Amino acid sequence: MKVLVPIKRVVDFNVKIRVRADGSGVDLANVKMSMNPFDEIALEEAIRLKEAGTAEEIIAVSIGPQKTQETIRTALAMGADRGIFIHCDDELEPLAVAKLLKGVVEAESPQLVILGKQAIDNDCNQTGQMLAALLGWPQGTFASKLVLDGAAARVTREVDGGLQTVILKTPCIVTTDLRLNEPRYASLPNIMKAKKKPLEEKSVADYGVDVASGLKVLKTEDPASREAGEIVGNAAELVEKLKNEAGVI
Ligand code: AMP
């Protein structure tokens with residue numbers, strides 16, 4: 001079985017985001033970038049399927065500017081067999097990404113596509129669902145467990161207040177939640193080996209897809225800063241302040 005894992009290069013989750021002074025977006029100058037954490041989980045799951053003998057080949061695909069190739073190399077060092085880099089300098093919305101991924105699926109015919117449930121930079125949580133719709137494939141979103149059994153995938157989904165288990169006919173789409181697994185780190189020997197793994201470069205034009213955006217970001221703002229706290233002398237003073245200053249009791 002071939003598994004396709006779409007990965008996105010995003011601002012590292014440890015970085016404190018700075019909004020540009022003119023509110024036009026997030027400042028990306030000299031900011032550490034990494035693989036989207038949910039995509040690391042997707043890749044880890046694909047690697048485990050390969051280690052279990054269920055998957056034969058793992059293809060990591062990413063769409064973005066030139067430096068996106070570094071993120072694909074990380075995926076190759078973790079355990080993907082080959083990479084596909086689709087060069088695009090524009091910020092794409094999920095529908096455009098899903099259309100490009102559909103092109104990759106048609107060219108590669110994977111049995112399974114595992115995506116992150118959301119990219120932590122835009123928090124869209126749309127691409128997997130859109131790809132499933134464009135392909136007409138079943139989808140198991142927010143997976144916390146994945147078991148492959150012949151031509152079916154059993155996906156346990158994290159839903160509000162509980163778990164739901166669904167069975168999908170393959171080929172299918174799965175999106176990962178946080179508790180699916182704990183991704184491995186790439187070892188130094190594997191980082192060296194990854195330099196020799198195949199990484200194919202493509203352009204948006206190769207897929208004949210219209211990626212024009214139907215969306216315009218009007219403004220990006222920092223969250224409101226929190227007011228400083230106050231230390232009170234005793235419980236009676238606290239109750240008095242809650243009653244007469246905050247007006248919450
Ligand atoms: P989103 O719908 O933007 O929150 O992204 C959900 C998932 O789609 C991500 O976790 C990735 O697996 C995939 N994805 C989004 N953007 C890209 C991209 N530029 N290249 C490859 N995969 C992507």
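Start by selecting Asp12: at 8% relative accessibility, Asp12 counts as buried. Keep in mind as you click around that this is a predicted model. Now add Lys32, whose side chain meets that of Asp12 in a salt bridge (3.4 Å, N to O). Both residues sit in the loop between strand 2 and strand 3, so the pair ties together parts that are 20 residues apart in sequence. Lys32 itself is exposed, at 55% relative accessibility.

Stay with Asp12 and bring up Ser34. Their side chains are joined by a polar contact of 2.5 Å. Ser34 belongs to strand 3 (residues 33-35) and counts as buried, at 17% relative accessibility.

Next, zoom out for a moment. The protein chain has six helices and 11 strands, and its C-alpha atoms fill a box of roughly 70 × 40 × 40 Å along the principal axes. Of the 249 residues, 41% count as buried. A search of the whole structure turns up 17 salt bridges, so there are a few more to visit.

Select Arg9 and Glu70. Their side chains form a salt bridge at 3.6 Å, N to O. This one links distant parts of the chain: Arg9 is in strand 2 (residues 9-11) and Glu70 is in helix 2 (residues 68-78), 61 residues apart. Colour by accessibility and you'll find Arg9 buried, at 16%, while Glu70 is partly exposed, at 43%.

Then hop over to Glu158 and Arg179, another salt bridge, at 2.8 Å, N to O. Glu158 lies in strand 8 and Arg179 in the loop between strand 10 (172-176) and helix 5, so the pair ties together parts that are 21 residues apart in sequence. Glu158 counts as buried at 17% relative accessibility, whereas Arg179 is exposed at 60%.

While you have strand 8 (residues 152-159) on screen, pick out Thr156 in it. Thr156 is buried, with 12% relative accessibility, and its side chain makes a polar contact of 3.5 Å with the side chain of Thr165.

For a bigger selection, show Lys2, Glu57, Arg82 and Glu108 together: a network of salt bridges links them.

Helix 5 (residues 188-194) is the next stop, with Ile191 in it. Ile191 is partly exposed, with a relative accessible area of 36%. Add Leu188 and Met192, and you have a nonpolar surface patch with about 300 Å² of accessible area together. Lys193 is in helix 5 too, and is exposed, at 55%. Measure across from Lys193 to Leu76: the C-alpha atoms are 8.5 Å apart, though 117 residues separate the two in sequence.

Finish at the ligand. Which residues come closest? Among the 18 that surround the ligand, they are Asp39, Ala119, Asn125, Gln126 and Thr127. Show distances to the ligand's oxygen atoms: a backbone N or O atom of Ala119 lies 2.8 Å from one, a polar backbone atom of Asn125 is 2.7 Å from one, and a polar side-chain atom of Thr127 is 2.7 Å from one. Taken alone the ligand exposes 480 Å², and the protein buries 98% of that.

Now colour the shell by element. Strand 4 (57-64) and strand 6 (112-116) are the elements that give two or more residues, with strand 4 providing the largest share, three residues. Switch to colouring by class and the shell shows eight nonpolar, eight polar and two charged residues.

Terms used
Residues numbered from 1 in each chain as written. Predicted model: local features only at pLDDT ≥ 70, side-chain atom pairs only at ≥ 80, totals over all residues. Heavy atoms only, no water. Near = heavy atom within 4 Å. Polar contact = N/O pair within 3.5 Å; in protein donor to acceptor, adjacent residues only side chain to side chain. Areas by Shrake-Rupley, 256 points an atom, 1.4 Å probe, with all protein chains shown as cover. Helix = DSSP H or I, 4+ residues; strand = E, 2+ residues; numbered from the N terminus. Nonpolar A, V, L, I, M, F, W, Y, C, P; charged D, E, K, R; others polar. Patch = residues over 30% accessible without salt bridge, like charges linked within 9 Å, V, L, I, M, F, W, Y side chains within 5 Å. Salt bridge = Lys/Arg side-chain N within 4 Å of Asp/Glu carboxyl O. Buried < 20%, exposed > 50% of the residue type's maximum accessible area, 1.4 Å probe, protein only.
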